[in-house]
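Open the model in your viewer, keep the sequence panel beside it, and follow the stops below in order.

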Amino acid sequence: MRTLVLNAGYEPLAIVSFKRALVLVMNDKATVIERVEDDPVWGSHGVYDRPAVIILARYVRVPNSRRVPVTRRGVLRRDNHRCGYCGKAASTIDHVLPRSRGGADSWENLVACCLRCNNVKSDRTPQEMRWELRFTPRPPHGTAWTVRGTERSDPRWEPYLELAA
């Protein structure tokens with residue numbers, strides 16, 4: 001059982017085990033705002049609500065540099081598994097500016113690509129091929145990217161994840 005942790009400003013911070021969440025609540029560092037009904041936690045000193053969503057009592061400053069690491073899976077997920085050139089189903093990634101010409105492994109230089117377009121493009125730029133990208137590649141944003149585990153979310157989390165989007 002997992003628990004969504006909200007900052008004092010209601011932005012999602014993390015997903016933790018219900019045990020960790022219960023420790024935060026018992027130490028008065030957080031408050032339960034959504035609980036799992038009919039599934040209490042039995043302790044030696046009493047019965048406690050099983051938290052689904054908690055909010056921290058004090059605001060925790062989160063650095064702006066919370067960057068999402070670039071991965072093949074992440075690029076495909078960001079581009080919805082669609083080719084950045086033709087729009088068909090993508091299974092590979094492509095460097096817009098090829099690595100052989102100094103292209104970096106960055107969110108701005110990588111796009112999902114179908115096998116055919118990747119082979120035809122080879123080590124050329126889209127301008128040399130007279131191709132256009134369907135979108136401008138950018139780093140992903142939103143809670144689904146900065147808070148791990150929201151893709152397998154609990155229905156009770158939805159209102160709080162929507163606030164941050």
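With the whole chain displayed, note that buried residues, meaning those under 20% relative accessible area (exposed is over 50% and partly exposed in between, with a 1.4 Å probe and protein chains only), make up 39% of the 165 residues in the protein. This is a predicted model, in which local features need pLDDT of at least 70 and side-chain atom pairs count only at pLDDT 80 or more, while totals for chains, interfaces and linings use all residues. Residues are numbered from 1 along each chain as its sequence is written, and side-chain values use heavy atoms, with hydrogens and water left out.

Colour by secondary structure next: there are six helices and six strands, taken as DSSP runs (H or I of at least four residues for helices, E of at least two for strands) and numbered from the N terminus. Read from the N terminus, their order is β-β-α-β-β-α-β-β-α-α-α-α. Among contacts (heavy atoms within 4.5 Å) with a separation of 6 or more, 60% are between residues 24 or more positions apart.

Now select helix 1, residues 18–26, where Phe18, Ala21, Leu22 and Leu24 are buried. These residues lie on the same side of helix 1, because they cover an arc of only 160° around the axis, the arc being that of the directions from the helix axis to the C-beta atoms. To see what covers them, add strand 1 (2–6), strand 2 (12–17), strand 3 (30–43) and strand 4 (46–56), which are included in that cover. Just after helix 1, stop at Asp28, which takes a positive phi of about 60°.

Two further backbone stops belong with this one. Most residues other than glycine have a negative phi. Tyr10, although not a glycine, has a positive phi of about 70°; Tyr10 sits in the loop between strand 1 and strand 2 and is partly exposed at 40% relative accessibility. Arg130, in the loop between helix 4 and helix 5, likewise has a positive phi, near 60°, and at 79% relative accessibility Arg130 is exposed.

Move from Arg130 to Trp131 and display its side chain together with that of Tyr85. The two rings have their centres 5.2 Å apart and their planes at 50°, so the pair is tilted; rings of Phe, Tyr and Trp (its six-membered ring) pair if their centres lie within 6.5 Å, with planes under 30 degrees apart counted as stacked, over 60 as edge-to-face and the rest as tilted. By this rule there is one aromatic pair, and it links distant parts of the chain, 46 residues apart, with Tyr85 in the loop between helix 2 (72–78) and strand 5 (92–95) and Trp131 in the loop between helix 4 (126–129) and helix 5 (143–146). Tyr85 is buried at 10% relative accessibility, whereas Trp131 is partly exposed at 24%.

Select the cysteines next. The count of disulfides is zero, a disulfide being a pair of cysteine sulfur atoms within 2.5 Å. The sulfur of Cys86 is 3.7 Å from the closest cysteine sulfur, in Cys114, too far for a bond. Cys113 is in no disulfide either, the nearest cysteine sulfur, that of Cys83, being 4.1 Å away. Cys86 is partly exposed at 36% relative accessible area, while Cys113 is buried at 0%.

Finish at Asn118 in helix 3 (residues 115–121), which is buried, with a relative accessible area of 19%. Leaving aside neighbours within four places in sequence, Asn118 is in contact with Thr92, Ile93, Asp94 and Cys113. A polar atom of the Asn118 side chain lies 3.2 Å from the backbone oxygen of Ile93.

Terms used
Polar contact = N/O pair within 3.5 Å; in protein donor to acceptor, adjacent residues only side chain to side chain.
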